[in-house]
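Welcome, and take a moment to get your bearings. Below are the sequence and the model that this short report walks through.

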Amino acid sequence: MPKAKVFITHPLYPGARNLLQSCCECEFWSKQERPQREEFLGRLKDKNGLVCLLTERVGDDVLRAAPKLRIVANVAVGYDNVDLPACTKRAVVVTNTPGVLDETTADFAWALLLAVARRVVEADQYVRAGNWQGFDFDQFCGTDVWGKTLGIVGFGRIGRAVARRSAGFGMKVIYNSKTRASDEIEKEFRAEYRDLNALLAESDFVTLHVPLNGNTRQMFDAPKLFRMKPTAYLINTSRGPVVDEAALVHALESKKIAGAGLDVFEQEPFVHPGLKRPNVVLAPHLGSASNETRAKMATTAAQNAVAFFQGQRPPNMLNPEAFKNG
Ligand code: GLV
């Protein structure tokens, strides 16, 4: 049997690379810049598999250009870059990488929260610029984190990992999610359910952990943002389009909220100029960016693709209805 041909849009990590090479004929994209669309489509012409990053959009044009494509293994937990119904229609299996990045992403949400509340970035820039004249009682006074109320929107694996960390800060935790968690889970995470409007009115920090889909796109529009306390901060490590960025800029400009920590943006890598303010900490989509976690994500994606080409069910299949064994 000829080996399956797979295009991988990144060199990945050695473990994942070796795994893929053990069963597939692999073509890796190793340039720093992402492949241009024409190049991407051209490379897929004769491929049976695609292992890709969240920067690659996989829609009808890809499926048309790649008639032999049978699996898309996304190296991310979010899969809003992939048109799942279109893939399912053409019996193309789609997989993602859940479970391996929860703790790392929760760490980063906390990094943004602490950085914006305690003005770490502003202070760093000030010291680096050589402006520091000595201890100043009034300088860079921020907002306390400990003892405050943390509002978690989306209470899946990552939201819960964020909640767990709040215990050390003695915070009250409230959450909102599509479905309410069981009493046991609420007890384990010391978290109380609120409807979204109540959560926004009560929280000192609102942190977003929902997937991007038809229900969550632009979920944080002007009316929602305006329900937050003027002293509250918004933290987003989920997906940019969950927040109406222009409305967020307006909320910041008009002091309807105190600040924001943002890892994701509506039109990455474009960042709305109105967000480049001292009370906003900006990061270039780094939630899962530790070496350990990125290696695990790469291996998970490779395992999904290899399982598929060995005739097994990939462990993280998003559209099982597209899977035809044999
Ligand atoms: C990162 O944003 C991911 O979805 O894995």
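## Two helices side by side

In this predicted model, Ala-16, Leu-19, Leu-20 and Cys-23 of helix 1 make contact with Ala-298, Thr-299, Ala-302, Gln-303, Ala-305, Val-306 and Phe-309 of helix 12. Sorted by class, the residues where helix 1 meets helix 12 are nine nonpolar and two polar, with no charged ones. If you would like to trace the pair yourself, helix 1 covers residues 14–23 and helix 12 covers residues 291–309.

Two packed helices are described by the angle between their axes and the distance between the axes. Here the angle is about 10 degrees, and the axes lie 8 Å apart. Angles under 35 degrees count as roughly parallel, so helix 1 and helix 12 are roughly parallel to each other.

## Around the ligand

Which residues surround the ligand? They are Leu-54, Ala-76, Val-77, Gly-78, Leu-101, Arg-239, His-285 and Met-297. By class, this shell consists of five nonpolar residues, two polar residues and one charged residue.

Three members of the shell have polar atoms paired with oxygen atoms of the ligand, as listed here.

| Residue | Polar atom of the residue | Distance to a ligand oxygen atom |
|---|---|---|
| Val-77 | polar backbone atom | 2.8 Å |
| Gly-78 | backbone N or O atom | 2.8 Å |
| His-285 | side-chain N or O atom | 2.7 Å |

Taken alone, the ligand exposes 200 Å², and 89% of that is buried by the protein.

## Two backbone details in loops

While you have the structure open, have a look at two spots in the backbone. Glu-268 and Pro-269 are joined by a cis peptide bond, with omega at about 5 degrees. Pro-269 sits in the loop that runs between strand 11 (259–262) and strand 12 (280–282).

The other spot is Ala-91, a residue other than glycine with a positive phi, near 55 degrees. You will find Ala-91 in the loop between helix 4 (84–89) and strand 5 (93–95).

Notes
Residues numbered from 1 in each chain as written. Predicted model: local features only at pLDDT ≥ 70, side-chain atom pairs only at ≥ 80, totals over all residues. Heavy atoms only, no water. Axes fitted to C-alpha atoms, helices over the stretch in contact; angles between N-to-C directions. Helix = DSSP H or I, 4+ residues; strand = E, 2+ residues; numbered from the N terminus. Parallel < 35°, antiparallel > 145°, perpendicular 65-115°, else oblique. Contact = heavy atoms within 4.5 Å. Nonpolar A, V, L, I, M, F, W, Y, C, P; charged D, E, K, R; others polar. Near = heavy atom within 4 Å. Polar contact = N/O pair within 3.5 Å; in protein donor to acceptor, adjacent residues only side chain to side chain. Areas by Shrake-Rupley, 256 points an atom, 1.4 Å probe, with all protein chains shown as cover.
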